[in-house]
Amino acid sequence: MQQNELDKIFDECCMKHGICSHEVLRDRGSDSSSNVDRSKMMRKASFKLSWWCKGENGDQHKHDIVSFEKGNITTAERSSKQISLKWESDPQTVLILTKPNSVSVRILCAQMVRWLKEKKKLNIYVEPRVRAELLTESSDFNYVQTWKDDQEILLLHTKVDLVITLGGDGTVLWAASMFKGPVPPIVPFSLGSLGFMTPFHSEHFKECLDSVLRGPVSITLRHRLLCRVIRDAAKNEYETEEPLLVLNEVTIDRGISSYLTNLECYCDNSFVTCVQGDGLILSTTSGSTAYSLAAGGSMVHPQVPGILFTPICPHSLSFRPLILPEHVTLRIVVPFNSRSPAWASFDGKDRKQLAAGDALLCSMAPCPVPTACQVDSTSDFLSSIQDGLHWNLRKTQSFDGPRELQDIIQI
Ligand SMILES: NC(=O)c1ccc[n+]([C@@H]2O[C@H](COP(=O)([O-])OP(=O)(O)OC[C@H]3O[C@@H](n4cnc5c(N)ncnc54)[C@H](O)[C@@H]3O)[C@@H](O)[C@H]2O)c1
Ligand SMILES: Nc1ncnc2c1ncn2[C@@H]1O[C@H](COP(=O)(O)OP(=O)(O)OP(=O)(O)O)[C@@H](O)[C@H]1O
């Protein structure tokens, strides 16, 4: 396709309704690990996201704005709507990410790769470890592509139309962490013990993938938090380390110290509180069913845009968890008079020490993680808390006593 044709598609589509993805790249790089003809143009599939709700024309994207027309304040109806992804061109390239050290995942991965290549004619990327495992099984897997270094990982989002995860929630977190910017749609298959973010069953992978590749598919847009550590915050506000993105939460805790944490918390420029206890969890709504839940935070539908502020074992009787709006920036400071440093960890990994004077800034990240739904965002969320946590499971009360006279007359 010529560049001017592509520009035309972009102008006609992307600038109008919905959120579109149109990207084309010419990749002439030589890759010794693949026998695919790399001189041919690799074209990223385009898709369109729109809001829909039952009984409505789903093609229209309604902007999430508050209207102040003629002195009346109204809000666009958006909370009842589900996001739907429609492919505008066929997906061509999938990335399969797998939990390590699992025989069942390894077997399933080989079956899936074969099926996607032979029946769906797709280009397939896997991690270098997985490619090596597949080649040990059979040299037929030579067509499977991979990358050599971190620089190539940074470009994956320009090549991959769809990411498939085989594992538990940890594998979805792993997949999200590979994309520092835009994230392709993720289809998470459940091969773990809990699986809050993994609604697809691996036994039916062919039917599931058939349906996702055909589209339309319901999507949960999972918000992420952007976290920046500022060293010696009072001295140099702008000298920050590489920012980190989290899909579940950032935790600031006392680490191995036996002292209480002493964390000064600010929301934009307002002082919130001082956390004296084991620590603090700043969680996304997707993470609300993970560590934050264990620390007494509320469970929140993943599509609700907000930041959960959940203390861990606060040494106070009145410290209840909060949920703050999406637009705020939180600033957690270890004061100079703190008895010990604090430790920040990001989705349970990448532990960093925060010395007295250091701060952590946290705000909503611009690029969410789109995960495909089995049914829709709400049904999947409710199924996960019911099946995963047995939420509010209780034997139903029975009644076998004498009825009131009125009930008997009505019958
Ligand atoms: N006390 C706790 O509950 C506790 C303590 C530490 C870490 N964690 C959680 O573990 C996460 C890291 O997960 P991992 O798989 O890499 O480590 P892991 O292998 O230690 O598993 C942690 C457990 O948390 C579950 N989990 C992860 N994300 C979830 C989510 N969004 N909703 C519901 N459950 C979820 C996983 O299914 C798994 O059962 C952290 O982000 C943190 O939320 C929880
Ligand atoms: N592709 C990967 N490469 C390296 N580590 C990974 C990868 N995928 C997952 N992990 C790590 O492996 C661990 C286990 O993964 P995961 O949570 O998906 O499986 P699980 O523990 O069996 O599931 P569950 O937690 O639901 O029982 C996690 O700590 C995760 O970060």
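This briefing walks through a predicted model of one protein chain and two ligands.

The chain has 411 residues, and 47% of them count as buried, meaning under 20% relative accessible area with a 1.4 Å probe and protein chains only. Its fold includes nine helices and 26 strands. Both kinds of element are DSSP runs numbered from the N terminus, with H or I over at least four residues for a helix and E over at least two for a strand. Residues are numbered from 1 along each chain as its sequence is written, while chains are lettered from A and ligands numbered from 1 in the order in which they are written. Because the model is predicted, local features need pLDDT of at least 70 and side-chain atom pairs count only at pLDDT 80 or more, whereas totals for chains, interfaces and linings use all residues; side-chain values use heavy atoms, with hydrogens and water left out.

**The chain as a whole**

- Among contacts between residues at least 6 apart in sequence, 67% join residues at least 24 apart; a contact here means heavy atoms within 4.5 Å.
- The accessible surface of the chain comes to about 22,200 Å², and carbon and sulfur atoms account for 52% of that. Such areas come from the Shrake-Rupley method with a 1.4 Å probe, and for residues only the protein chains shown count as cover.

**Around ligand 1**

- Ligand 1 is surrounded by 16 residues, of which D169, N248, E249, S286 and T289 are the closest. A residue joins this shell if one of its heavy atoms lies within 4 Å of the ligand.
- Domain 1 (93-215) and domain 2 (224-366) each give at least three residues to the shell around ligand 1; the domain bounds come from an automatic or database domain assignment.
- Helix 5 makes the largest contribution to the shell around ligand 1, with three residues, and helix 7 (291-294) supplies at least two.
- By residue type, the shell around ligand 1 holds seven nonpolar, five polar and four charged residues. In this scheme Ala, Val, Leu, Ile, Met, Phe, Trp, Tyr, Cys and Pro are nonpolar, Asp, Glu, Lys and Arg are charged, and the others, Gly among them, are polar.
- Polar contacts are pairs of N or O atoms within 3.5 Å; within protein, one must be able to donate a hydrogen and the other to accept it, and residues adjacent in sequence count only if both atoms are side-chain atoms.
- A polar side-chain atom of E249 sits 2.4 Å from an oxygen atom of ligand 1, and one of N248 sits 2.9 Å from a nitrogen atom of ligand 1.
- The backbone takes part as well: a polar backbone atom of Y291 is 3.1 Å from an oxygen atom of ligand 1.
- Ligand 1 taken alone exposes 790 Å², and the protein buries 63% of that.

**Around ligand 2**

- Ligand 2 has 15 residues around it, with K99, E127, G168, T171 and S193 coming nearest.
- Helix 5 (residues 169-177) again gives the largest share of the shell, here three residues around ligand 2.
- The shell around ligand 2 is made up of three nonpolar, eight polar and four charged residues.
- In the side chain of K99, an N or O atom is 2.6 Å from an oxygen atom of ligand 2.
- Two backbones also reach oxygen atoms of ligand 2: an N or O atom of G170 at 3.1 Å, and a polar atom of L194 at 3.2 Å.
- On its own, ligand 2 exposes 620 Å², of which the protein buries 70%.

**L191 and its neighbours**

- L191 belongs to the loop between strand 11 (186-190) and strand 12 (200-201).
- L191 counts as buried because its relative accessibility is 16%.
- Leaving out residues up to four places away in sequence, L191 touches K99, S104, V105, L108, L166, G167, G168 and S202.

**Backbone details in the loops**

- N101 has a positive phi of about 60° although it is not a glycine, and this residue lies in the loop between strand 8 (93-98) and helix 2 (103-118).
- N101 counts as exposed, a class that starts over 50%, because its relative accessibility is 83%.
- D347, also a residue other than glycine, has a positive phi near 50° and is found in the loop between strand 23 (342-346) and strand 24 (349-354).
- D347 has 14% relative accessibility, so it counts as buried.
- The peptide bond from G215 to P216 is cis, with omega near -10°, and P216 lies in the loop between helix 6 (205-214) and strand 13 (217-222).
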